[in-house]
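Please look over the sequence and the structure shown below before reading on, and keep both in view while you follow the text.

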Number of protein chains: 2
Amino acid sequence: MSAEIRIVLVNTSHPGNIGGVARAMKNMKFSQLHLVAPKKFPHVEADSRASGATDILENAVVHETLEQAIADCHFVVGTSARGRHIPWPVVDPRELSSIVQGAGDKRIAVVFGREDRGLTNEELHLCHHHVHIPSNPDFSSLNLAAAVQVITYELRMADLYAEQVEQQKPQWGTEWDIDLADSADLERLFAHMEETLVDIEFLDPDNPRQLMSRLRRLYLRTVPDKVEVNILRGIMNATQKKMKD
Amino acid sequence: MSAEIRIVLVNTSHPGNIGGVARAMKNMKFSQLHLVAPKKFPHVEADSRASGATDILENAVVHETLEQAIADCHFVVGTSARGRHIPWPVVDPRELSSIVQGAGDKRIAVVFGREDRGLTNEELHLCHHHVHIPSNPDFSSLNLAAAVQVITYELRMADLYAEQVEQQKPQWGTEWDIDLADSADLERLFAHMEETLVDIEFLDPDNPRQLMSRLRRLYLRTVPDKVEVNILRGIMNATQKKMKD
């Protein structure tokens, strides 16, 4: 696998779970752990549950916000239960692995939410795709380390199987000529978009409804490259300039 | 899946792990847990780690020996690290799942060993096949519940994929609430877009270069629905109106 994959845990309550995640990651040969505002870290329970994967805990990067943790990533996938307000593209862990296999030399984040209530809608709307582990509908909530184990296992399996067939599928099934935009590019794009939509009075700041969510979904789903983002921002600049004329 | 699958744990030391296994099983819709000479069971730590899968603990069957636990099974698979003295047929969890899918109406046992040293050679030689989770060779030992999670996840995936073969998978892997736009909608969108881009002087009709091609590729790739197309056209209408003000 040529992609660089980080596991991001948001607001984890129990330090033991952070240790369990570190162990699960190292079992599948992953090493980049990013923590967003963990309740207790570092912690002796994390070290204990890591069972020797303490190097991963020592190198873990702690952030204040999810935006910071994913800013330089090209493809962000949030773990989600089914049945959100606005449907978002959902893959299962196997489909995720095949996307990642095809992604080439990219930075990818897989984001896991809180033990009791997962990711918020706002956090999920920072993600290009969602991944759902197809668990028992009547008992769907996996332990955090177990969820990370399943996802990293699938990523590793895809890697091992790909090595076997020596199949290198490039992004979008063809050679792409331009680098993909990262999350920071996209957030600047959305901020600019929102500003422009207010300027042209299409978006009412006092009654925004779901407009920005729908637009985020549309543009994130397409996984834009840097030139495409520049074109979109150029259109907005031209719109704003024209109005001042 | 028509096979009847039991999970067998041999000589588990930590009751918390038995609870973790019960939770992992129930997450993947398995219910039959058999315990061979557990060190401490029942136990409050098992109940606590089960997080609501206590029905599985209450119905767990305790045996004195592995032979008793598998006596009525037709196919027995033991989890194993690589490199045993006598080579035995080894499958990975995905191959195991496809064997189980094809097994029909049989009783199948998947046997997991001790936390620290797995199954003995003697116990492994009671098994038809061995299953090996392809973990990091330098850090290969999974937590017991994590190992059960991976195996039961694979068994469930095989089952779900077998069910899906005859079903159409919905667009974007989830129920979408809006009809997709058709080509006529999209061509109207692109015509309107081109017109608006000329109006705001972002597109020079005498030197259009690849702008419309790049925009077509971006929006076609995302496969927009009808509401999304209406939003985009609404933005263009608002832009055009604003310029006339």
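The report that follows moves from domains and sheet to one helix, then to the contact between chains and to some backbone details.

This is a predicted model, and each statement below should be read with that in mind.

**Domains and sheet of chain A**

The domain assignment divides chain A into domain 1, which covers residues 4–165, and domain 2, which covers residues 177–244. Taken over C-alpha atoms, the centres of domain 1 and domain 2 of chain A are 28 Å apart. Where these domains touch, domain 1 of chain A contributes 14 residues and domain 2 of chain A contributes 13 residues. On the side of domain 1 of chain A that touches domain 2 of chain A, the elements that give two or more residues are α4 and β4 of chain A. The residues on that side of domain 1 of chain A are 8 nonpolar, 3 polar and 3 charged.

The strand β4 of chain A also belongs to an open sheet of 7 strands in chain A, in which the order is β3-β2-β1-β6-β4-β7-β5 and the pairing is parallel. At the edges of this sheet stand β3 (61–63) and β5 (90–91) of chain A, each of which pairs on one side only. Within the sheet, β4(A) pairs with strand β7 (residues 129–131) of chain A in the parallel sense, over 3 bridges. One particular pair can be found in the structure, since A:Thr79 has A:Val131 in β7(A) as its bridge partner.

**A helix with a buried face**

Helix α8 of chain A, residues 183–199, has 17 residues, and at 1.5 Å a residue it should span 24 Å; the C-alpha atoms at its ends are 24 Å apart, which agrees with that expectation. Which residues of α8(A) are buried? They are A:Ser183, A:Asp185, A:Leu186, A:Leu189, A:Met193, A:Thr196 and A:Leu197. Seen down the axis of α8(A), these buried residues fall within an arc of 145 degrees, and therefore they line one face of the helix. The face of α8(A) that is turned away from the buried side carries A:Ala191 and A:Glu195, which are exposed.

What covers the buried residues of α8(A)? The cover includes α4 (66–70), β4 (75–79), α9 (211–221) and α10 (226–244) of chain A, together with α10 (226–244) of chain B.

**The contact between the chains**

In the contact between the two chains, 49 residues of chain B meet 48 residues of chain A. On the side of chain B that touches chain A, at least two residues each are supplied by α1 (15–27), α7 (144–164), α9 (211–221) and α10 of chain B. The residues of that side of chain B divide into 25 nonpolar, 12 polar and 12 charged.

**A buried serine in chain A**

A:Ser97 lies in helix α5 (residues 93–102) of chain A, and with 24 C-beta neighbours inside 10 Å it counts as buried, because 20 or more are needed for that. Leaving aside residues up to four places away in sequence, A:Ser97 touches A:Glu154, A:Leu155, A:Met157 and A:Ala158. A:Ser97 and A:Thr152 are 55 residues apart along the chain, while their C-alpha atoms are separated by 8.9 Å.

**Backbone details**

Most residues other than glycine have a negative phi, and most peptide bonds are trans. The table lists some places in this model that depart from that pattern.

| Place | Feature | Value |
|---|---|---|
| A:Phe41 and A:Pro42 | cis peptide bond | omega about -5 degrees |
| B:Phe41 and B:Pro42 | cis peptide bond | omega about -5 degrees |
| B:Asn11 | positive phi | about 55 degrees |
| B:Glu201 | positive phi | near 60 degrees |

A:Pro42 is placed in the loop between β2 (32–36) and α2 (44–50) of chain A, and B:Pro42 lies in the loop between β2 (32–36) and α2 (44–50) of chain B.

B:Asn11 is found in the loop between β1 (4–10) and α1 of chain B, and it counts as partly exposed because it has 18 C-beta neighbours inside 10 Å. B:Glu201 sits in the loop between α8 (183–199) and α9 of chain B, and with 11 other C-beta atoms within 10 Å it is exposed. In chain A, α8(A) is followed by A:Glu201, whose phi is positive and near 60 degrees.

How values were computed: Residues are numbered from 1 along each chain as its sequence is written. Chains are lettered from A and ligands numbered from 1 in the order in which they are written. This is a predicted model: local features need pLDDT of at least 70, side-chain atom pairs count only at pLDDT 80 or more; totals for chains, interfaces and linings use all residues. Helices (H or I, at least four residues) and strands (E, at least two) are DSSP runs, numbered from the N terminus. The expected span of a helix is 1.5 Å times one less than its number of residues. A residue is buried if 20 or more other C-beta atoms lie within 10 Å of its own, exposed if 12 or fewer, and partly exposed in between; C-beta atoms are placed from the backbone. The arc is that of the directions from the helix axis to the C-beta atoms. Two residues are in contact if their C-beta atoms, placed from the backbone, lie within 7 Å. Domain bounds come from an automatic or database domain assignment. Ala, Val, Leu, Ile, Met, Phe, Trp, Tyr, Cys and Pro count as nonpolar, Asp, Glu, Lys and Arg as charged, and the others, Gly among them, as polar. Two strands pair if DSSP finds at least two bridges between them.
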